[in-house]
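Hi everyone, thanks for making time this morning. I'd like to walk you through one structure, and please stop me whenever you like.

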Amino acid sequence: MSLEKWRIYEELTNAVREFESINPVRLIPEVGTNFVYSLPLPYARSTKDVAGVKGRIVKYGNSVKAVGPVEFGASDHLARAVLTYMRFYPEYRSAINIRYSREIIEEIIEIAQERGFKVSFYDRREEPEEIKAKEGATIPWGIETAIKRIKERPDIIYHLGDVGKEPMILVFGRNPREVLEKIKMLIEGHHHHHH
C-alpha cells in the first residue's frame, strides 16, 4: 500500500503548489482551506487514510499559502466528508473546501448550469436532534443528505453554517487534478463575469 500512499502524497503536494500559484485569495474561508485525497476503498477506513494539508491553506497578506506539508491524517472535517462521499461514489476521492459567500455561490450555480455541474446542499437546521447530539455525526449526515437530495452525484455541496460554524462550499473530484480544474473554472468564470 505504501506505493499508493506515495503517489497520493506526490499528486496532492503538486496540486497544493498549483492551488497556491493560482492564488485564489477570495476563495479562502476564515478557518482556512484544506485539500484532501483519500486512499481508495477498501483501504480508506478512517481519517488517517486521507491525506491533507497540515495546518491548512490560509490567506497570507495577498497570497495563499499552505501552512505545512501534505500528511495522512492532517484533516478531520474534510476527510470525513470525502469518506462519506466515497460510500456513494467510491472513485471520487478528493475534495477542497472554499469560502461561502452569496456572490461565490451565485457564480458557482451559473457556471454549473453552463458546464453541467451538479450542486447540492445541506442545512444544519434540518439536522435531527439525535445526529446533533452525536460527536462527529454532522458531516456524514450532511453529505449523505446532499447526495440524496438531488438523487445524482453532486460536484459541489454547500452548507449554510450554524451557530459558530462558518458556511462552506465543498468541491469534489476523482483526484486533486479534477478538483483543481473545477476551481480554475470558478476563477476563470469570475473574470469572465466581472471584466
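I'll talk about a pocket, then a hairpin, then some salt bridges. One thing to keep in mind throughout: this is a predicted model.

Let's begin with the pocket. The largest one has a volume of about 610 Å³, and 26 residues line it. Which of them lie nearest its centre? Those are His-77, Arg-80, Ile-139, His-159 and Lys-165. If you'd rather think in elements, two or more lining residues come from each of α2 (77-88), α5 (138-150) and β9 (168-173). Helix α2 gives the most, with four residues. For those of you already thinking about chemistry, the lining splits into nine nonpolar, eight polar and nine charged residues.

Let me stay with Arg-80 for a moment, since we just met it at the pocket. Arg-80 makes a salt bridge with Asp-76, and their closest N and O atoms are 3.1 Å apart. Is Arg-80 buried or exposed? Its relative accessible area is 19%, and the cut-off for buried is under 20%, so Arg-80 counts as buried. Its partner Asp-76, at 39%, is partly exposed.

Now a quick stop at the hairpin. Strands β3 (residues 57-60) and β4 (residues 63-66) run antiparallel, joined by four bridges. Lys-59 sits opposite Val-64 in β4. Two residues lie between the strands, and Gly-61 in the turn has a positive phi of about 65°.

Back to charges, then. In general, side chains of opposite charge can pair when their charged atoms come close. How many salt bridges does a search of the whole structure find? It finds 20, and I've picked out two further ones for you.

The first pair is Arg-125 with Asp-123, where the closest N and O atoms are 2.8 Å apart. Here the two ends are contrasting: Arg-125 is exposed at 67% relative accessibility, whereas Asp-123 is buried at 10%.

Then there is Arg-7 with Glu-4, with 3.1 Å between the closest N and O atoms. Both belong to helix α1 (residues 2-22), and because they are three residues apart there, about one helical turn separates them. Arg-7 itself is partly exposed, at 36% relative accessibility. This pair also has company: salt bridges with shared partners link Glu-4, Arg-7, Glu-11 and Arg-93 into one network.

That's my tour, and I'm happy to take questions.

Note on methods. Residues are numbered from 1 along each chain as its sequence is written. This is a predicted model: local features need pLDDT of at least 70, side-chain atom pairs count only at pLDDT 80 or more; totals for chains, interfaces and linings use all residues. Side-chain values use heavy atoms; hydrogens and water are left out. On a 1 Å grid over the protein atoms alone, a cavity is a set of points where a 1.4 Å probe fits but cannot get out, and a pocket is an open set with protein on both sides within 12 Å along at least five of seven lines; lining residues have an atom within 4 Å of a point. Grid points are joined across faces, edges and corners, and a volume is the space filled by probe spheres set on the points. Ala, Val, Leu, Ile, Met, Phe, Trp, Tyr, Cys and Pro count as nonpolar, Asp, Glu, Lys and Arg as charged, and the others, Gly among them, as polar. Two strands pair if DSSP finds at least two bridges between them. A salt bridge is a side-chain nitrogen of Lys or Arg within 4 Å of a carboxyl oxygen of Asp or Glu. Buried means under 20% relative accessible area, exposed over 50%, partly exposed in between (1.4 Å probe, protein chains only).
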